[in-house]
Each structure stands twice: as C-alpha cells, then as structure tokens.
Amino acid sequence: MEEKTSKKNSIKDDSVRNVAADLFAYVFSEEKALIDLYRGLGKEISIEDIEYLSLSELLQRTGRYNDTAFRTKDNRLIVFAEHQSTRNKNMPFRFLEYAVDGIRLLKVLDSQNKFGEKLMQFPKIEFYVAYNGKKALEEADKTLVVDLGDIRVTAQVVDIRFDELPKETAENAQDNLAGYSYFAKIFEEMKSQGKSPHDAYSIAVEKGKEKGYLAHIWSRKELVDMFQETYCYDEMLKEEAREEGMERGLGLGALIFNALKENVSIPAIAEKYGVTTQQVERLKKDFAV
C-alpha cells in the first residue's frame with residue numbers, strides 16, 4: 001500500500017484536476033489495468049510484455065508528470081497516456097516534454113553511442129489522450145498535431161466516456177476502463193445534481209460496488225479514505241484561503257498562497273506545511289499564482 005500512496009501523491013497538476021483524474025492515474029498504475037486501457041485505446045498487448053513506468057521523479061526534477069505510462073520490457077515501445085476532461089490542442093507538445101524527460105530518466109539509450117556513426121535503436125513512442133469530458137468529440141478533435149517545423153508530434157484522442165464505450169467493454173465488470181469510466185460518469189452526474197464532491201464521491205463508489213466495477217480498488221478501505229480525505233482537504237484549503245482573505249496570511253491555505261507568491265518551491269511548501277505537492281499545485285492553479 002505504501003507504494004500506491006507514493007504514486008498517487010506524485011500525480012502532477014493539470015488545467016482541470018479533480019478526484020476522477022486522480023483516480024485515473026491510480027487505477028492505471030498496474031499492468032492488468034494498463035492492458036484494459038490500451039485495449040480501450042484500440043490496441044492489444046500482452047501483460048507479460050509490459051511494465052508500468054513510475055515517473056514520479058519527473059515531478060521533482062522538471063515539474064512535469066503525466067498520468068500513466070508503460071513500456072515493453074525490451075524498450076521497443078513506450079506509451080504515454082493522459083486523462084483530459086477538456087479539449088487541449090497543446091497536448092502533443094506536453095507529451096514531447098514527457099517523452100524526452102522519460103527517456104532520459106529511464107536511461108533507455110544510455111548503452112548506445114549518440115556520437116558514433118551507427119544509427120541508434122530508438123523506441124517507438126505512442127501518445128494518447130483519454131478524453132472524459134462533457135462535450136462530444138468531433139472527428140477533427142481525435143487527432144492532435146503540433147508542428148514544430150522539422151519536428152511533428154501527434155497524439156490520438158480516444159473518447160472513454162462510459163456511454164461511448166463499446167457495449168462488451170461497458171458490461172464487463174472486470175474491465176478497469178469500464179469501472180473507471182462508470183465512476184466518473186456517476187461522480188459528475190451527482191455533482192450536477194447539486195451533491196457536494198464528498199457525497200458525489202461516496203455515491204459513485206457505492207454504485208460502482210453494486211455493479212462490481214473496480215472491486216479490487218474499493219476493497220482497499222484505506223485507499224477510499226485517502227481519496228476522500230485528500231479531495232475534501234483540497235476543498236477546505238481553497239475555501240479557507242478565500243474566506244480569510246489570503247493577503248492577510250491567516251490560515252493554512254493563506255500561508256501556502258503567500259509562499260507561492262514569494263516563489264517558494266512547491267516541494268518546500270509541501271514539506272513545511274505538511275501537505276502534498278499535489279495539493280499545493282492545485283492551489284497554485286486555482287488562484288493563478
């Protein structure tokens with residue numbers, strides 16, 4: 001369980017972060033779940049052939065961290081996937097950053113001589129956006145391209161909303177993608193009906209349990225508690241910072257806000273105030289510091 005917590009706490013901030021995005025990164029940090037995700041993205045691969053990539057070190061080194069990634073054990077293929085609830089045409093460039101940082105971190109090419117005459121053997125790299133937003137995807141939205149002249153980066157956008165999944169996937173309670181998508185669907189429906197994030201979360205978990213979705217996840221009570229407490233704590237920090245005027249430096253949220261204004265590093269703030277880097281990143285984004 002300790003390793004799981006560290007993965008979850010290393011998730012990077014995004015333009016729209018919420019519990020569903022965090023759950024995506026957590027669920028798809030295991031090889032079996034990655035098989036389901038990759039199938040949902042339109043590809044097949046053997047579980048014996050892949051290895052989940054824990055790239056949490058990228059957050060400390062570069063401030064960037066993608067939602068999930070895996071590679072084949074012979075390094076012939078590296079796959080990066082990102083959860084998005086809004087359409088973002090800049091995703092290919094962000095993926096390029098992840099890929100360059102990831103290859104360096106993984107030392108995939110270290111055994112080859114980049115200064116020699118022989119062409120190095122490079123891994124094939126695939127980029128996917130797992131889209132789970134409110135608006136339907138247009139055909140033009142399904143392929144994102146960033147053209148940097150001699151460098152052209154492409155990312156495929158796949159609609160993973162529950163109602164858009166193939167019937168055989170959606171009805172398979174053992175499929176991790178179906179389970180995740182069902183949770184996200186119910187969670188958003190409950191919030192749209194005026195439920196608090198805490199209540200929406202609890203209802204989505206219970207409904208998922210009733211159908212057998214993500215049974216291996218919801219059986220981890222400490223995990224459920226962790227997600228609930230983290231998400232609600234984020235809301236408490238933001239509200240505290242707003243109510244206490246932020247500028248006055250009163251309260252934990254305000255203290256963090258002021259530290260961000262003074263350009264104190266996010267890891268240093270997290271350590272000083274006993275919160276996660278993820279929570280600090282969220283406050284930074286929410287208040288546009």
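**Exercise 1. Where in the predicted model does Ile160 lie, between which strand and which helix?**

*Solution.* In this predicted model, Ile160 belongs to the loop between strand 6 and helix 6. The next step is its environment: the relative accessible area of Ile160 is 1%, so the residue is buried. Beyond four places in sequence, the residues that Ile160 touches include Phe24, Ala130, Leu165, Leu177 and Tyr180. Asn132 is also among the residues it touches, and although 28 residues separate Ile160 from Asn132 along the chain, their C-alpha atoms are 5.7 Å apart.

**Exercise 2. Determine whether Arg161 is buried or exposed, and list what it touches.**

*Solution.* Begin with the position: Arg161 sits in the loop between strand 6 (152-159) and helix 6 (167-170). Its relative accessibility is 15%, and because buried means under 20%, Arg161 counts as buried. Leaving out residues up to four places away in sequence, Arg161 touches the residues Tyr131, Asn132, Gly133, Lys134, Lys135, Ala136 and Leu137, together with Ser181. Comparing this with the previous exercise, Tyr131, Asn132 and Ser181 are touched by Arg161 and also by Ile160.

**Exercise 3. Describe how Arg39 and Asp175 are connected, and place both residues in the chain.**

*Solution.* Arg39 and Asp175 form a salt bridge in which the closest N and O atoms are 4.0 Å apart. This pair links distant parts of the chain, since Arg39 is in helix 3 (residues 31-40) and Asp175 is in the loop between helix 6 and helix 7 (176-192), 136 residues apart. The two partners can then be described by their accessibility: Arg39 is partly exposed at 36%, whereas Asp175 is buried at 5%. As a last step, the pair can be placed in a wider setting, for Arg39 and Asp175 belong to a network of salt bridges with Lys32, Asp36 and Glu44.

**Exercise 4. Which parts of the chain does the salt bridge between Lys43 and Glu126 tie together?**

*Solution.* The side chains of Lys43 and Glu126 meet at 3.2 Å, taken from N to O. Lys43 lies in the loop between helix 3 and strand 1 (50-52), while Glu126 lies in strand 4 (residues 124-131), so the salt bridge ties together parts that are 83 residues apart in sequence. Turning to accessibility, Lys43 is partly exposed at 31%, and Glu126 is buried at 8%.

For a pair within one helix, consider Glu188 and Lys191, whose salt bridge has its closest N and O atoms 3.7 Å apart. Both residues lie in helix 7, 3 residues apart, which is about one turn of the helix. Glu188 is partly exposed, with a relative accessible area of 27%, and Lys191 is likewise partly exposed, at 28%.

**Exercise 5. Work out which residues of helix 12 are buried and how they are arranged around its axis.**

*Solution.* In helix 12 (residues 266-273), the buried residues are Ile266, Ile269 and Ala270. They cover an arc of only 100 degrees around the axis, and therefore they lie on the same side of helix 12. The face turned away from that buried side carries Glu271 and Lys272, which are exposed. Just after helix 12 comes Gly274, with a positive phi of about 70 degrees.

**Exercise 6. Explain what stands out about the phi of Leu214, and state whether the residue is buried or exposed.**

*Solution.* Most residues other than glycine have a negative phi. Leu214, a residue other than glycine, has a positive phi near 50 degrees. Leu214 is found in the loop between helix 8 (197-211) and helix 9 (215-218), and with a relative accessible area of 2% it is buried.

**Exercise 7. Decide which segments of the model call for caution in reading, starting from the pLDDT of the whole protein.**

*Solution.* The average pLDDT is 79, and 77% of the residues score at least 70. Over residues 1-17, however, pLDDT stays under 50, and the model has 52 contacts beyond four places in sequence for them. Residues 244-250 also stay under 50, with 13 such contacts. Where pLDDT is low, the predicted coordinates should not be read in detail, so caution applies to the contacts modelled for residues 1-17 and for residues 244-250.

Conventions
Residues are numbered from 1 along each chain as its sequence is written. This is a predicted model: local features need pLDDT of at least 70, side-chain atom pairs count only at pLDDT 80 or more; totals for chains, interfaces and linings use all residues. Side-chain values use heavy atoms; hydrogens and water are left out. Helices (H or I, at least four residues) and strands (E, at least two) are DSSP runs, numbered from the N terminus. Buried means under 20% relative accessible area, exposed over 50%, partly exposed in between (1.4 Å probe, protein chains only). Contact means heavy atoms within 4.5 Å. pLDDT is the predictor's confidence in each residue, from 0 to 100. The arc is that of the directions from the helix axis to the C-beta atoms.
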